[in-house]
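I opened the model today and kept notes on what I looked up. The entries follow the order in which I went through them.

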Amino acid sequence: MRYLAGLAIMLLAPALMLSGCNNSGSMESKKESASTTLKAAVLEACGLISKSEAETLLGEPVMDAEKSQQEVVGMKLCLYNPVNTDSWGFLQVTLTQQSFMPPGGLAPSELFHSIQKAMSDSRTDIEGIGDEAFIATGGLYILKDEYYITIGAGNIDRQDIQQRLKSAGSIAIKNLEALR
């Protein structure tokens, strides 16, 4: 939980700042295009990685998911903490989607690309997960169609955490396809 408050602020601050930006006609047309083409059902972040999948990824039992949401940026959050309170493991999944945003919000792809650009010096691009993906501070960032997914699991400098993130990303994309 100690890590999550900072992570949530880091992920939401740029999105909240950008959601107020509106100084170009081309951005307006992108917003309109994204909002008119994607009027799907609202998906839950916990649908991307189930409790049993989180247990397999973490290698230990987890508590029931903690859920939250930020409609202003179209984000649903799912957090799995281990049953063992001495464990440092966790798995946090966020899903940002147009169908959960209020009218006029930035498209998930615009949010993803703004974060991608902001982390250009410190990210590692990942092939084979979604349309685009990278690992940077905070975890794994994925864009699949107009769904923006982030997965956090701990210190990204550790190889085992990077592998966990990639495995979790593959599971999340597979489950996203099944949900749509």
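**Entry: Lys-144.** I started with Lys-144, which sits in strand 6. This is a predicted model, so I read every value below as computed from it. Is Lys-144 buried or exposed? Its relative accessibility is 16%. The cut-off for buried is under 20%, so Lys-144 counts as buried. I then listed what Lys-144 touches, leaving out residues up to four places away in sequence. The list reads Gly-130, Asp-131, Ile-173, Leu-176, Glu-177 and Arg-180.

**Entry: helix 5.** Two of those names led me on to helix 5, where Ile-173 and Leu-176 are among the buried residues. The others I noted as buried there are Ile-161, Arg-164, Leu-165, Ala-168, Gly-169, Ala-172 and Asn-175. Residues three or four places apart in an α-helix point the same way, because a turn takes 3.6 residues. What covers the buried residues of helix 5? I found that the cover includes helix 3, strand 3, strand 5, strand 6 and strand 7. I also checked the length of helix 5, residues 159-179. Its 21 residues should span 30 Å at 1.5 Å a residue, and the end C-alpha atoms are 30 Å apart, so the two agree.

**Entry: Gly-128.** I looked at a loop next. Gly-128 lies between strand 4 (124-125) and strand 5. Gly-128 is exposed, at 76% relative accessible area. I took one distance from here: the C-alpha atoms of Gly-128 and Lys-166 are 9.5 Å apart, with their positions 38 residues apart along the chain.

**Entry: the chain as a whole.** I stepped back to count elements. The chain has five helices and seven strands. In sequence order I read α-α-α-β-β-β-α-β-β-β-β-α. Of the 180 residues, 48% are buried. Among contacts with a separation of 6 or more, 55% join residues 24 or more positions apart. The chain exposes about 8,800 Å², and carbon and sulfur atoms supply 53% of that area.

**Entry: the sheet.** In what order do the seven strands of the open sheet stand? I read 1-2-3-7-6-5-4, with antiparallel pairing. Strand 1 and strand 4 are at the edges with a single partner strand each, so one side of each has no neighbour in the sheet. I then went through some of the pairs:

- Strand 1 (residues 66-70) and strand 2 run antiparallel and are joined by five bridges. They form a hairpin with four residues between them. Gly-74 in that turn has a positive phi of about 70 degrees.
- Strand 2 and strand 3 (residues 91-97) are antiparallel over six bridges. Lys-76 has Leu-95 as its bridge partner in strand 3.
- Strand 3 and strand 7 are antiparallel too, with six bridges. Thr-96 stands opposite Tyr-148 in strand 7.

**Entry: strand 2.** I gave strand 2 its own check. Six of its six residues are buried, so strand 2 is largely enclosed by the rest of the structure. Both of its faces are covered. Met-75, Leu-77 and Leu-79 lie on one side, with Lys-76, Cys-78 and Tyr-80 on the other.

**Entry: the disulfide.** Cys-78 took me to the sulfur atoms. I found one disulfide in the structure. Which residues does it join? It links Cys-46 to Cys-78, at 2.0 Å from S to S. The link is right-handed, with 100 degrees about the S-S bond. Cys-46 is in the loop between helix 2 (25-37) and helix 3 (51-58), and Cys-78 is in strand 2, so the pair ties together parts 32 residues apart in sequence. Both cysteines are buried.

**Entry: nonpolar cores.** I closed with the cores. The largest has 31 residues, and Ile-49, Leu-91, Ile-149 and Ile-151 touch the most other members. The elements that give two or more residues are helix 3, strand 2, strand 3, strand 5, strand 6, strand 7 and helix 5. Helix 5 gives the most, with six residues. I then pulled the contacts of Ile-49, again skipping residues up to four places away. They include Tyr-80, Leu-91, Val-93, Ile-151, Ala-168 and Ala-172. Another core lies apart from this one. It has 11 residues, among them Met-119, Phe-134, Ala-136 and Tyr-141.

Terms used
Residues numbered from 1 in each chain as written. Predicted model: local features only at pLDDT ≥ 70, side-chain atom pairs only at ≥ 80, totals over all residues. Heavy atoms only, no water. Disulfide = S-S within 2.5 Å. Buried < 20%, exposed > 50% of the residue type's maximum accessible area, 1.4 Å probe, protein only. Pairing = 2+ DSSP bridges. Expected span 1.5 Å × (residues − 1). Contact = heavy atoms within 4.5 Å. Areas by Shrake-Rupley, 256 points an atom, 1.4 Å probe, with all protein chains shown as cover. Core = buried A, V, L, I, M, F, W, Y, C linked by side-chain atoms within 4.5 Å.
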